[in-house]
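Colleague: I am new to this structure. Please take me closely through its aromatic rings, and then through whatever lies around them.

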Protein chains: 2
Amino acid sequence: MSKPSLARGTRDFGPEIMAKRTYILDTIKFVFKKFGFLPLETPAIENLSVLMGKYGDEGDQLLFKILNSGDFLKKVKPGDLEEGTKTVLPKVAEKGLRYDLTVPFARFVAMNRHDLAMPFKRFQVQPVWRADRPQRGRYREFYQCDADVVGTDSLLCEAEIILMLHEVFGALQLKDFTVKMNNRKVLTGIAEAIGAPGRESELCVAIDKLDKIGKEKVEAELSERGFENSSIANLQTLFSLTDDIHETVATLKDWLKDSGIGQKGIEEIEEVLELVNGFGLENPKLMFDATLARGLSYYTGAIFEVKANGVQIGSISGGGRYDNLTGTFGLPDLSGVGISFGVDRIYDVLDELNLFPEDASQSTRVLLINFDSESQKACLPILSKLRSAGIASELYPTDAKLKKQFDYANKKGIPFVLVVGSEEIKMQKYSLKNMATGDQNHYTLDEIIQQINA
Amino acid sequence: MSKPSLARGTRDFGPEIMAKRTYILDTIKFVFKKFGFLPLETPAIENLSVLMGKYGDEGDQLLFKILNSGDFLKKVKPGDLEEGTKTVLPKVAEKGLRYDLTVPFARFVAMNRHDLAMPFKRFQVQPVWRADRPQRGRYREFYQCDADVVGTDSLLCEAEIILMLHEVFGALQLKDFTVKMNNRKVLTGIAEAIGAPGRESELCVAIDKLDKIGKEKVEAELSERGFENSSIANLQTLFSLTDDIHETVATLKDWLKDSGIGQKGIEEIEEVLELVNGFGLENPKLMFDATLARGLSYYTGAIFEVKANGVQIGSISGGGRYDNLTGTFGLPDLSGVGISFGVDRIYDVLDELNLFPEDASQSTRVLLINFDSESQKACLPILSKLRSAGIASELYPTDAKLKKQFDYANKKGIPFVLVVGSEEIKMQKYSLKNMATGDQNHYTLDEIIQQINA
């Protein structure tokens, strides 16, 4: 007998947390479906040939690998041990755990290309695993919640992502958020405009840190990376942009007037804005942030990020357009755009702002309390009628002391308690206690159903 | 670039399958909640110390083990290789994948005993992994869907399980099913009655095969196992039982009159029947099958199994009462009873009997078809209004040829198509086509919303 424990970096989700997480995920899924996205699930276990080499060297390290079953040593030769893990790994492990939802999605599209309605819009809500060092807010097993469209470069998809973000956070009652957007082509244009063409990746890595380390340190880093002083000086326009989206567009148009790709990026942003406007979205919480890079080098067009204002937490959603998602699986030239919701962070934001609805707990609505086997017997048909009326109901399973039965209701957060004693059985009126207000009165069963459903 | 493939024994669930699976799981979860069960999720990754030794030697073999991250060879000494996997395994792997939902549930209860409202009623719907040889209908990654109550031996729980089974399969429109029940104490009593006390485990193993191999072969196996001829002859009463539950109870009462525990088992069954009756369950599809053992030696009271009649498939649900679930984690004497739904088999049954509802597909309800950028622009506010009315809607993202747009609707199973051309824009009446009937007419937007929601 050993004291049981959770594996490092993993969590149990008990009933209360589950109810709140389900509330978030159901809200997001509802919006995804309303926009025509269909559900997909892929297996947790993938062949390492599918996963390796897709996330860089660091990603390969962070993949959880599964030991081959049976005699996992049968391919290992005595000398292999000295060669180290690189030699031994492919001999003892052929499978691994999903690291994100994007690569399995790409594999699915490549394998099913002939059966899918293209453009293919899917959403996927499943856990992923990373052998990261666990720390506050970083887990080894966590959910991702993604929606992607592949097979079209229509900017309608970008506009719809902006709409979905507003619908999701609106439905979650999160009023104060900002959808930041940018376009990778604008970043490319900026690199050209400052006389450092083709170096937008390095530029991105540095300016991606602007929020965290400030302008001076970004400039120092650029200098260290060998950017000319004139280039860095030229970047001032970038640092001086305001939050006004139309002003920013105008400034950039002028600044990037000699960069064809930069102009293209700005035009794309303008078209997306026009589409969003055409949808009639009221009070769009939209900001054009030309410094937004999201560190991910595979974005080729739009880049999105959502921040909850007034809460000290990173972005709660992010995404963008990428080309060639499935190229590595033999299906080239498929453009796509996707958005990912950070469930753990959204949970923390709603919790901090006290935005979870009272009834999110999904608990039992009424507990029937009984005194003896006669009283228990009388409870059975009542229980059936309550449940038929769609009311989640329970009968305490024994005739334990009243205090114990009430404690159970309290601990489980059950809002109503129905006392069924011999008097009540005779009267056909039962004593209903509202646990929040303490009110207690006798009612007929029909009245009780009304009260609980009110 | 390699041709991508699924890991052996795993599956993708594309949109159509997902919709049907979601229909099944949502139905089951809805019933669980109505009966006061609360959701729990545990991590896929558990410490091997939690998992090993809980499923027998064969189970230990079938656990997927996860290679330690980083230098997984650091504890392996040169001589270890010759010692084989038993020596090497604990040095290279400390974690494994969940094999069922019961052991993680027991771990959760043991770790959180002081915070849980007891009796604790939880449901859990998550995948599990087994390194079994994959074959038709047997996968290495599959969902389990369990509900358990722990912390009470009240037979009310057994009665509620029978109710839940009827509600779930009723809601799934599966009319012809049988809930078989038995009690481990009856099996113990039978062992006593035939003069082989204490040998009910062996007896169970043999009679569990009755359905598959027939009476003669069961008798031969018992003889081989050293049961006396007189004992085997005495078993005839068991083989002669009818489907009539009250007749069976009467016969067993007489047969097991000298076995105290046998009588106790029959009394428990009678009390459960009485409780079910008290709930007012109409036409219970209940059968007392004294040969039902479900091979699982840990059941100590009630045993349940559900069969879909007229479909060649194993049981679609099963469960029973167990004692000492959490004993191995230092929390003894906790009695519980649980039920598990076989999602894959229920899927196959509903598919074979054509019982999935038409609208289970959850697809987009209407596709807006456009001719050019003007037409696309006109679609945007229409799309917003449809979605505000709760209608899942899509606009084809480009002005592709009409045939291509209609093909998309067909492939995705979208029931309505809305054509928005220049004439329609002028009239403010749009052409709605019902894809099933082929009917096509012009309507105002309000009329369209009514038609689609009809």
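Modeller: What follows starts with the aromatic rings and then moves outward.

This is a predicted model, in which local features need pLDDT of at least 70, side-chain atom pairs count only at pLDDT 80 or more, and totals for chains, interfaces and linings use all residues. Residues are numbered from 1 along each chain as its sequence is written, chains are lettered from A and ligands numbered from 1 in the order in which they are written, and side-chain values use heavy atoms, with hydrogens and water left out.

Begin with the rings. A search of the whole structure finds 22 aromatic pairs over all chains. Rings of Phe, Tyr and Trp (its six-membered ring) pair if their centres lie within 6.5 Å; planes under 30 degrees apart count as stacked, over 60 as edge-to-face and the rest as tilted. One of the pairs is A:Phe32 with A:Phe37. Their ring centres are 6.2 Å apart and their planes stand at 50°, so this pair is tilted. A:Phe169 and A:Phe177 also form a tilted pair, with 5.4 Å from centre to centre and 45° between the planes.

Which residues do the ring pairs join into a cluster? They link A:Phe32, A:Phe37, A:Phe123, A:Phe169, A:Phe177 and A:Phe341.

Now ask how covered these residues are. Buried means under 20% relative accessible area, exposed means over 50%, and partly exposed lies in between (1.4 Å probe, protein chains only). A:Phe32 and A:Phe37 are both buried. A:Phe169 has 0% relative accessibility, so it counts as buried. A:Phe177, at 3%, counts as buried. A:Phe123 is at 5% and therefore counts as buried.

A:Phe123 also has a place in a strand. It is found in β5 of chain A, residues 120–129. Helices (H or I, at least four residues) and strands (E, at least two) are DSSP runs, numbered from the N terminus. A:Phe123 and A:Ile339 are 216 residues apart in sequence, yet 9.5 Å apart in space, C-alpha to C-alpha.

Some rings meet a charge. A charge sits over a ring if NZ of Lys or CZ of Arg is within 6 Å of the ring centre and within 35 degrees of the ring normal. In chain A, the charged end of A:Arg130 sits over the ring of A:Tyr99, 4.1 Å from its centre. In chain B, the charged end of B:Lys285 sits over the ring of B:Phe177, at 5.6 Å from the centre.

Stay with B:Phe177. It lies in strand β7 of chain B, residues 177–183. Its relative accessible area is 3%, so B:Phe177 is buried. B:Phe177 and B:Phe120 are 57 residues apart in sequence and 29 Å apart in space, C-alpha to C-alpha.

Next, the backbone. The peptide bond from A:Met118 to A:Pro119 is cis, with omega near -5°. A:Pro119 is placed in the loop between α6 (102–111) and β5 of chain A. In chain B, a cis peptide bond joins B:Met118 and B:Pro119, with omega about -5°. B:Pro119 is in the loop between α6 (102–112) and β5 (120–129) of chain B.

Two residues have a positive phi. A:Asn324 is not a glycine, although its phi is about 65°. A:Asn324 sits in the loop between β10 (317–322) and β11 (336–341) of chain A. At 42% relative accessibility, A:Asn324 counts as partly exposed. B:Asp333 has phi near 60°, and this residue is other than glycine too. The loop between β10 (317–322) and β11 (336–341) of chain B holds B:Asp333. B:Asp333 reaches 70% relative accessibility, so it counts as exposed.

Helix packing comes next. Axes are lines fitted to C-alpha atoms, for helices over the stretch in contact, and angles run from 0 to 180 degrees between N-to-C directions. In chain B, α7 (residues 156–171) and α14 (residues 260–278) pack at about 55°, with axes 9 Å apart. Angles under 35 degrees count as roughly parallel, over 145 as roughly antiparallel, 65 to 115 as roughly perpendicular and the rest as oblique. α7(B) and α14(B) are therefore oblique to each other.

Finally, the domains of chain A. Domain 1 covers 15–41 + 106–352, and domain 2 covers 366–453. These bounds come from an automatic or database domain assignment. The C-alpha centres of domain 1 and domain 2 of chain A lie 51 Å apart.
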